[in-house]
Amino acid sequence: MATFKFLVVGFWLALCLASSQFVKCSVTYDRKAIVINGQRRILFSGSIHYPRSTPDMWEGLIQKAKDGGLDTVETYVFWNVHEPSPGNYNFEGRYDLVRFIKTIQSAGLYAHIRIGPYVCAEWNFGGFPVWLKYVPGISFRTDNEPFKRAMQGFTEKIVGLMKSNNLFEPQGGPIILSQIENEYGAQSKLLGPAGYNYMAWAADMAVKTGTGVPWVMCKEDDAPDPVINTCNGFYCDPFKPNKPYKPTLWTEAWSGWFTEFGGPLHQRPVQDLAFSVARFVQNGGSFVNYYMYHGGTNFGRSAGGPFITTSYDYDAPIDEYGLIRQPKYGHLKELHKSLKKCERALVSADPTVTSLGERLQAHVYDTGSGDCAAFLANYDTDSSARVLFNNMHYNLPPWSISILPDCKNVVFNTAKVGVQTSHMEMLPTNTEMFSWESYDEDISSLGAGGSSTFTTNGLLDQMNVTRDASDYLWYITSVDIGSSESSLHGGELPTLIVQSTGHAVHIFINGQLHGSAFGTREYRRITFTGKVNLQTGTNKIALLSVAVGLPNVGGHYESWSTGILGPVALYGLDRGKWDLSSQKWTYQIGLKGEAMNLVSPNTISSAEWVEGSLAVQKQQPLTWHKAYFNAPEGDEPLALDMNGMGKGQIWINGESIGRYWTTSAVGNCTGCKYEGAFRPTKCQVGCGQPTQRRYHVPRSWLKPTQNLLVVFEELGGEPSKISLVKRSVSSVCADVAEYHPTINNWEIESTRKKEVLHKRKAYLHCSAGQSISLIKFASFGTPLGKCGSYKQGRCHSPNSLAILQKKCIGKQKCTVLISNSNFGQDPCPNVLKRLSVEAVCSPTR
């Protein structure tokens, strides 16, 4: 009877998502869960941000999310892309929010929109439009009328847009949750009454929009009823909502971490991520959103920070390019399946918690009417454990949780990864860049006048001057040097010191680059100190200040300074220190190449491009380079390999790929263990290599032929080394034990009496258009090592390689039964064996 009831629930839920013509579903909550159409739900969600991918990618990304066991897709709503100037809205292309939500609905998934409108998200200015900073009397995210008025206007605009398209669940749409504000709790406490009053106002304002679905506030312990306070973090198992009648929701389960230029990449082991999710659910959590499930790309100048990379890969289950990252994707998929088997018990009962030993626990959810689910946890980071539970013994690896949907059989252990591992590589496309041409940014005419140039006394904040119309601002002044100056007659050269609030500065004296200085995300402020060669007469000092994304987090970051605010001074002249800070400075916004729109394929400009190898070999700083190329065949994701280049920006057919910078990563890349709490300082990779060398090129931005690539290089690079590469699976591995727990090995028949156990199998799967061309390693027995470095152990079946070759060579995917009979005989009786395989994937001929 219970099974029939569950099937009926599934039928009604399907109708809820199918069409507004059938059922308009209610969404509420109680202490256990989000309640949809009267049914409590255990929900898994994933963050996919629509501006960080292209519309042609959305359907595939969302389908992969569904196939991975997600119920919901979450996204922020980015104010600065939707209202670039007051009252002027943009919902086109990558910013087509309605299309994105409808794509979610078409896949049969729910949606959670986080309107904010502050989003943080390592996004430029935290998602706020820059014009907001200049509203008279404004102060961000506090009890400030100008800010509240603007925030309310945008929130109501988005809610109205969703309502007019019938996108909230009670209207027949997919949206089941909305969020107002974002991670405000710490800021609220710092601001005192002004912070609390603003938070309470924001909650009330949101509720009054009448969406018909619950509102949430993340990391906001004081969220007033009926708003639900939620948790963000690497771990949320201790979290409880602020009222006993609210559900326990995790709005950001961090699947990895963001990357900053000059820093390493961060890889969160999937064993630890699965452990954190299972621990949250065993403690009563009922909603988990992975941040990110697909990170995507910070196209254009959308990256914030500052110093956030163009890649926002985040080590997510779906990588930046839209490809599945294994084993993270597959292991989480099995986790979701296993927890869904526990759903009836989880939403109907409260846990009984018992100790199984030191740092060992059992959580049991028993409805008393036939549904029972158990979680067996080992919190020790070093030692495995063998525990006795319900008169049966269970083995628990360190830092792991086993899931038992019937309180008897283990179907999943967070530390035992049974899905394949896929290695991705960037492979050549053999696409040739035709006829490089170069154009040097005109430094000689700096400050000569024009609409983007003005002169005033003293040093000005860069953002106040540019309003973020460009990353670049010239600060130009001059000094007169007499003929008797000692440095002109063999004396020591004077020293120029330039202090900047960030983020980078290039120093030009009389048109020649004398040096550069760069900040970091941690230390934005920079000081340039260098000897300068001045000549008799007037010397032009031109300082190019470069922004690398506006801040996205921090108390009242809208008031933070950017650019050269001084002092700027010369030392070592005969006259002593010469402070230039308060003298006349000429400001020029942006680059000449930007004003000439050199990046557009449709622009006819007066720029004198220089053809041939001579232009590209001299490595002149502040140089524009362009070339044409044809799109490669196939459908693999593409990237530009910027090897040989320094720092700048990239455009293809007028679309901005983003900022590039091949600065090397500094970190602590000393290995990684899944056991123990994860932090960004753990499991770092890529030290000594460029933080980001390759930059995503969406195929939808390409034409079959004559694609225009434009690169602006700040430092001086070799564009002839730039190449177009494709991302493909290069090899796959499987490493599976004979008795590995799996949801596929456990089925409950409709009678709920019969349990069917299947023998374990290893699965290998290359990408579409590929097949397995080589078995590099195969061993059934006790192999050692990990994917990429397997070796035979003391026990090894000599038939291993031949059997894998016969089963898999020439196929896109293959399945191998893990049993003694399949490998001819038992190579080591009474020993638990495993099969380890590494296979090479190659294009299918």
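**Entry 1: a hairpin**

I began at L570, which stands opposite W578 in strand 30. I noted how strands are named here: helices (H or I, at least four residues) and strands (E, at least two) are DSSP runs, numbered from the N terminus. L570 sits in a pair made of strand 29 (residues 568-573) and strand 30 (residues 576-579), antiparallel over three bridges. Two strands count as paired if DSSP finds at least two bridges between them. I also saw that strand 29 and strand 30 form a hairpin with two residues between them.

A note to self: this is a predicted model, where local features need pLDDT of at least 70, side-chain atom pairs count only at pLDDT 80 or more, and totals for chains, interfaces and linings use all residues. Residues are numbered from 1 along each chain as its sequence is written, and side-chain values use heavy atoms, with hydrogens and water left out.

**Entry 2: the open sheet**

Next I followed an open sheet of six strands, in the order 32-21-33-39-35-36, with antiparallel pairing. Its edges are strand 32 (610-611) and strand 36, each pairing on one side only.

I looked at strand 33 from both sides. Strand 21 (residues 434-440) runs antiparallel to strand 33 and is joined to it by five bridges; there, Y439 stands opposite W624. On strand 39 (residues 707-713), seven bridges reach strand 33 (residues 623-629), again antiparallel. Y628 faces L708 in this pairing, and F629 has N707 as its bridge partner.

Is strand 33 enclosed or open to the outside? I found it largely enclosed by the rest of the structure, because six of its seven residues are buried. Buried means under 20% relative accessible area, exposed over 50%, and partly exposed in between (1.4 Å probe, protein chains only).

**Entry 3: the cores**

I then looked up the nonpolar cores, meaning sets of buried Ala, Val, Leu, Ile, Met, Phe, Trp, Tyr and Cys residues joined through side-chain atoms within 4.5 Å. The largest has 131 residues, and I101, M162, Y290 and L335 touch the most other members. A second, separate core of 26 residues includes L459, I481, V505 and L570, so my starting residue turned up again, because L570 is buried there.

I checked M162 for contacts (heavy atoms within 4.5 Å). Beyond its neighbours within four places in sequence, M162 meets residues including L97, I101, F168 and I175.

**Entry 4: cavities**

How many cavities of 30 Å³ or more does the whole structure hold? I counted four. On a 1 Å grid over the protein atoms alone, a cavity is a set of points where a 1.4 Å probe fits but cannot get out, and lining residues have an atom within 4 Å of a point. The largest holds about 60 Å³ of space. Its lining has 13 residues, with K647, G648, R659, Y660 and E714 nearest the centre. Strand 35 (647-652) and strand 36 (655-661) are the elements that give two or more residues to this lining.

**Entry 5: two single residues**

I found E320 in the loop between strand 12 (287-294) and helix 9 (328-340). E320 is buried, at 3% relative accessible area. Setting aside neighbours within four places in sequence, its contacts include M57, H294, D313 and H696.

L427 lies in strand 20 (residues 421-428). At 27% relative accessibility, L427 counts as partly exposed. With the same neighbours left aside, L427 is in contact with V725, K726 and S728.

Methods. 1 Å grid on protein atoms, 1.4 Å probe; cavity = no way out; pocket = protein on both sides within 12 Å on 5 of 7 lines; lining within 4 Å. Points joined across faces, edges and corners; volume = space filled by probe spheres on them.
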